[in-house]
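Student: Could you take a close look at one part of this model for me? Please start with a single pair of residues and work outward from there.

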Amino acid sequence: MATIENDADVIVVGAGPGGSATAYHLARHGLRVLLLEKTHFPREKVCGDGLTPRAVKQLIKLGVDTSPEAGWVRNRGLRVIGGGIRLELDWPDLASFPNYGLVRTRLDFDDLLAKRAVAAGAELRTGVNVIAPVLDPAGRAIGVTAEVEKAPVTFHAPLIVAADGVSGRFPLALGLAKREDRPIGVAVRRYYRSPVRQADDYLESWLELRSREGGDNLLPGYGWIFGMGDGRVNVGLGVLNSSSAFGKTNYRQLLTDWLGSTPPDWGLTDEANADGPILGAALPMGFNRVPHYTRGVLLVGDSGGMVNPFNGEGIAYAMESGELAAEVAVQALARPAGDARERALAQYPAELKIRYGGYYRLGGIFVKLIGNPQIMRIATKHGMPHPMLMRFVLKLLANLTDPRGGDAMDRVINAMTKVAPAV
């Protein structure tokens with residue numbers, strides 16, 4: 001059998017936050033990395049554009065300058081609106097995470113991260129549409145087939161990282177379908193020019209959505225308004241599959257109905273202020289595609305369904321899983337191919353389960369509960385008036401605790417996630 005010449009030590013499919021973080025950490029450890037992206041930068045991506053301190057920590061690890069002078073808009077915390085109450089909650093002051101969040105459009109955010117990977121030594125190729133894995137006789141992935149300007153190309157590497165997002169075309173080609181018993185959401189968002197709301201010290205979350213007609217009938221889902229600092233706001237809403245409205249609703253019309261109830265001076269009711277169309281995307285949550293390692297392929301970020309079920313955050317977990325995948329890959333590739341390498345690679349799904357399994361299990365329960373409008377109404381009515389309780393909820397939903405030490409809230413949340421059986 002002829003020896004195959006590898007194009008890289010690791011091929012990373014997809015240059016979103018998860019793929020670029022993976023490529024950065026791999027290259028920083030001296031591996032040859034080929035980062036393949038089907039589009040060209042800069043490119044649009046459907047997202048809320050808001051980053052919690054958990055994501056900020058990962059940006060700092062990549063050496064990204066997160067200062068306002070570098071084009072980032074900082075925020076102090078989360079403003080929660082519901083039950084007739086408006087509550088501003090600062091991000092917790094922790095040893096493990098910075099105490100600020102960020103806002104930045106994905107149009108140049110992903111480009112910036114890909115450039116960090118290249119600066120670390122990764123080779124980025126854009127306009128490369130990866131189609132499927134190349135398998136050896138034992139069924140192990142040893143490369144990828146792709147198209148470049150409709151011409152077929154093939155790349156080889158002993159290890160592949162699938163970071164191709166919610167579509168997960170690469171893991172699907174391996175037979176890894178989504179699990180229907182795990183939560184999933186749908187989000188839609190649009191940019192508006194708003195002189196009143198474009199700058200804000202807080203990310204804003206709406207727990208209750210009402211139409212312009214008002215009344216007691218709540219619209220399904222939850223909403224957000226994030227000031228972009230450039231004269232625009234990112235406005236959107238999400239609906240979870242525990243809601244009876246999931247899959248049966250015109251989400252774009254739903255967004256328009258909610259925005260119709262906002263004050264006219266915000267500029268969100270005037271179509272002339274819209275900057276682009278309403279776009280939507282799925283949110284794959286709670287490990288809805290497994291296994292996260294199989295036959296030479298590691299799944300990172302949305303490709304492995306790693307969106308936080310509590311708050312819909314995906315970027316932080318894409319970057320964290322990318323860093324972990326890189327650490328495991330570096331150790332595995334230092335071993336000879338075979339059983340020793342496979343033992344090292346098996347640590348990736350095992351560590352993911354330890355880190356997030358119990359927390360995502362709790363998130364799955366949370367999703368089922370808030371899908372019931374009556375439970376959501378009661379929780380909002382009785383929870384919102386208690387700032388101490390809401391600070392606890394913020395820590396839980398954003399997954400922001402100190403793992404060792406910390407305050408009483410940290411200890412309770414950490415204990416809950418350890419006791420909960422992993423998904």
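Tutor: Start with Gly223, which stands opposite Leu237 in β16. Keep in mind that this is a predicted model. Gly223 belongs to strand β15, which covers residues 222-227. β15 and β16 run antiparallel, and six bridges join them. The two strands form a hairpin, with four residues between them. Look at Gly229 in that turn: its phi is positive, about 75 degrees.

Now turn to the other pairing of β16. Strand β13, residues 184-193, also pairs with β16. This pairing is antiparallel too, and it runs over nine bridges. One point of contact is easy to find: Arg189 has Gly236 in β16 as its bridge partner.

How many of the nine residues of β16 are buried? The count is nine of nine, along residues 232-240. Next, sort them by direction. In a regular strand, side chains alternate between the two faces of the sheet. Here, Arg232, Asn234, Gly236, Gly238 and Leu240 point one way. Val233, Val235, Leu237 and Val239 point the other way. Both sets are buried.

Arg232 deserves a second look. Side chains of opposite charge can pair when their charged atoms come close. Arg232 has such a partner: its side chain meets that of Asp230 in a salt bridge, 3.0 Å from N to O. Which of the two is buried, and which is partly exposed? Arg232 counts as buried because its relative accessible area, 16%, is under the 20% cut-off. Asp230 has 46%, so it falls between 20% and 50% and counts as partly exposed.

Let us set that salt bridge beside others. The structure holds 26 salt bridges. Arg179 forms one with Asp181, and their closest N and O atoms are 2.5 Å apart. Arg179 is partly exposed, at 32% relative accessibility. Another salt bridge joins the side chains of Lys395 and Asp410, at 2.5 Å from N to O. That pair links distant parts of the chain: Lys395 sits in helix α10, residues 387-398, and Asp410 in helix α11, 15 residues apart. Lys395 has a relative accessible area of 6%, so it is buried. Asp410 is buried as well, at 1%. Salt bridges can also join into networks. One network links Arg79, Arg86, Glu88, Arg197, Asp200 and Glu204.

Rings pair up too. The whole structure has twelve aromatic pairs. Phe287 and Tyr356 make an edge-to-face pair, with centres 6.4 Å apart and 65 degrees between the planes. These partners come from distant parts of the chain, 69 residues apart: Phe287 lies in the loop between β17 (274-284) and β18 (293-294), and Tyr356 in helix α8. Phe287 is buried, with a relative accessible area of 3%. Tyr356 is buried at 1%. Compare Tyr359 and Tyr360, whose pair is tilted: 6.1 Å centre to centre and 45 degrees between the planes. Tyr359 has 2% relative accessibility, so it counts as buried. Tyr360 is buried too, at 2%. Ring pairs gather these residues into a cluster: Phe287, Phe310, Tyr317, Tyr356, Tyr359, Tyr360 and Phe366.

Tyr356 gives us our last stop, the second largest pocket. Rolling a probe the size of a water molecule over the atoms shows where empty space is left. Which residues lie nearest the centre of this pocket? They are Arg54, Arg355, Tyr356, Asn399 and Pro403, out of 27 lining residues. Four elements give two or more residues to the lining: α2 (53-61), α6 (315-333), α8 (347-370) and α11 (408-419). The largest share comes from α8, with eight residues. By class, the lining has eight nonpolar, eight polar and eleven charged residues. The space inside is about 750 Å³.

Go back to the start for a recap. β16 pairs with β15 over six bridges and with β13 over nine. Arg232 in β16 is buried, and its salt-bridge partner is Asp230.

Terms used:
Residues are numbered from 1 along each chain as its sequence is written. This is a predicted model: local features need pLDDT of at least 70, side-chain atom pairs count only at pLDDT 80 or more; totals for chains, interfaces and linings use all residues. Side-chain values use heavy atoms; hydrogens and water are left out. On a 1 Å grid over the protein atoms alone, a cavity is a set of points where a 1.4 Å probe fits but cannot get out, and a pocket is an open set with protein on both sides within 12 Å along at least five of seven lines; lining residues have an atom within 4 Å of a point. Grid points are joined across faces, edges and corners, and a volume is the space filled by probe spheres set on the points. Ala, Val, Leu, Ile, Met, Phe, Trp, Tyr, Cys and Pro count as nonpolar, Asp, Glu, Lys and Arg as charged, and the others, Gly among them, as polar. A salt bridge is a side-chain nitrogen of Lys or Arg within 4 Å of a carboxyl oxygen of Asp or Glu. Buried means under 20% relative accessible area, exposed over 50%, partly exposed in between (1.4 Å probe, protein chains only). Two strands pair if DSSP finds at least two bridges between them. Rings of Phe, Tyr and Trp (its six-membered ring) pair if their centres lie within 6.5 Å; planes under 30 degrees apart count as stacked, over 60 as edge-to-face and the rest as tilted.
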